[in-house]
Amino acid sequence: AAPTTGRAAGRAAAPTDKPRLYVWPLRMDAGMLEPEEVVTLPLTIANHGGGHLKGSTETNLPSLTVVPSAITPDVTHLMVRIDTMGLRPGPYVCHLGVRTSGGDQIVQVRFQVRPPRGMSQTNGRFPAV
């Protein structure tokens with residue numbers, strides 16, 4: 001066999017290639033949600049570099065969770081779960097963080113919780129939005 005030379009061979013053999021995180025979408029909008037509703041939205045991640053992508057996710061709202069929360073080399077799809085149980089009616093803008101060995105990414109998640117049926121937003125119990 002002929003000896004391997006050239007740029008392609010050097011790149012394939014280079015163990016210094018580091019993972020590089022790719023996340024899509026970077027912004028999610030779940031729209032208008034009912035009280036006590038649970039919705040899930042897909043989030044795609046990939047490694048656009050070398051090596052193994054590892055990490056975790058975190059959110060700034062307990063009603064927003066990500067499954068799986070641990071990122072391993074074989075994970076490419078995450079499910080973002082919004083549970084409106086116990087949330088007040090109104091708009092929400094929250095964030096989920098993807099922290100990995102290939103970089104970090106913040107994804108904005110937006111939604112609005114509708115007032116319970118039969119309750120107006122102007123009856124004094126909830127402020128107008």
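**Two sheets and a salt-bridge network: group meeting talk**

Of the 129 residues in this chain, 33% count as buried, and I should say at once that what we are looking at is a predicted model. The secondary structure amounts to 1 helix and 9 strands, and if you read along the sequence you meet the helix and then the strands, in the pattern α-β-β-β-β-β-β-β-β-β.

Let me begin with the sheet that contains β1. Here 4 strands form an open sheet, arranged in the order β1-β3-β7-β5, and the pairing is antiparallel. The edges are held by β1, which covers residues 21-24, and by β5, which covers 64-67, and each of these pairs on one side only. Neighbouring strands in this sheet are turned against each other by 25° on average, with direction ignored.

Staying with β1, its partner is β3, residues 38-47, and the two run antiparallel to each other over 4 bridges. If you want a landmark for that pairing, Val-23 stands opposite Ile-45 in β3. As a general point, the side chains of a regular strand alternate between the two faces of the sheet. In β1 that alternation can be followed residue by residue: Leu-21 and Val-23 point to one face and are buried, whereas Tyr-22 and Trp-24 point to the other face and are not buried.

Which residues make the nonpolar surface patch of about 310 Å²? They are Tyr-22, Trp-24 and Leu-26, so that the two β1 side chains that are not buried appear here together with a residue from the loop that follows, since Leu-26 lies between β1 and β2. Leu-26 has a relative accessibility of 41% and therefore counts as partly exposed.

At the other end of β3, Asn-47 lies within the strand and is partly exposed, with a relative accessible area of 26%. Its C-alpha atom is separated by 8.2 Å from that of Pro-73, although the two residues are 26 residues apart along the chain.

Before leaving this part of the structure, I would like to point to Thr-84, which is placed in the loop between β7, residues 77-83, and β8, residues 90-100. Is Thr-84 buried or exposed? With a relative accessible area of 1%, Thr-84 is buried, because buried here means under 20%. The side chain of Thr-84 reaches the backbone nitrogen of Glu-36 at 2.9 Å.

Now to the other sheet, which is also open and has 5 strands in the order β2-β9-β8-β4-β6, this time with mixed pairing. β2 and β6, the latter spanning 70-71, stand at the edges with a single partner strand each, so one side of each is left without a neighbour in the sheet. The partner of β2 is β9, residues 103-113, and these two pair in the parallel sense over 5 bridges, with Asp-29 standing opposite Arg-110 in β9.

Beyond β9, in the segment that comes after it, is Pro-116, which is partly exposed at a relative accessible area of 31%. Pro-116 and Glu-34 are 82 residues apart in sequence, and yet their C-alpha atoms are 7.5 Å apart in space.

Finally, the charged side chains. In general, side chains of opposite charge can pair when their charged atoms come close. How many salt bridges does a search of the whole structure find? It finds 4, and I will go through some of them. Arg-99 and Glu-58 meet through their side chains at 3.1 Å, N to O, and this pair links distant parts of the chain, with Arg-99 in β8 and Glu-58 in β4, residues 55-59, 41 residues apart. Both partners are partly exposed, Arg-99 at 30% relative accessibility and Glu-58 at 40%. Arg-99 also forms a salt bridge with Asp-104, at 3.8 Å, N to O, and in this way Glu-58, Arg-99 and Asp-104 are linked in a network of salt bridges. A further salt bridge is made by the side chains of Arg-81 and Asp-83, at 3.9 Å, N to O, where Arg-81 is partly exposed at 34% relative accessibility.

Key: Residues numbered from 1 in each chain as written. Predicted model: local features only at pLDDT ≥ 70, side-chain atom pairs only at ≥ 80, totals over all residues. Heavy atoms only, no water. Pairing = 2+ DSSP bridges. Axes fitted to C-alpha atoms, helices over the stretch in contact; angles between N-to-C directions. Patch = residues over 30% accessible without salt bridge, like charges linked within 9 Å, V, L, I, M, F, W, Y side chains within 5 Å. Areas by Shrake-Rupley, 256 points an atom, 1.4 Å probe, with all protein chains shown as cover. Buried < 20%, exposed > 50% of the residue type's maximum accessible area, 1.4 Å probe, protein only. Polar contact = N/O pair within 3.5 Å; in protein donor to acceptor, adjacent residues only side chain to side chain.
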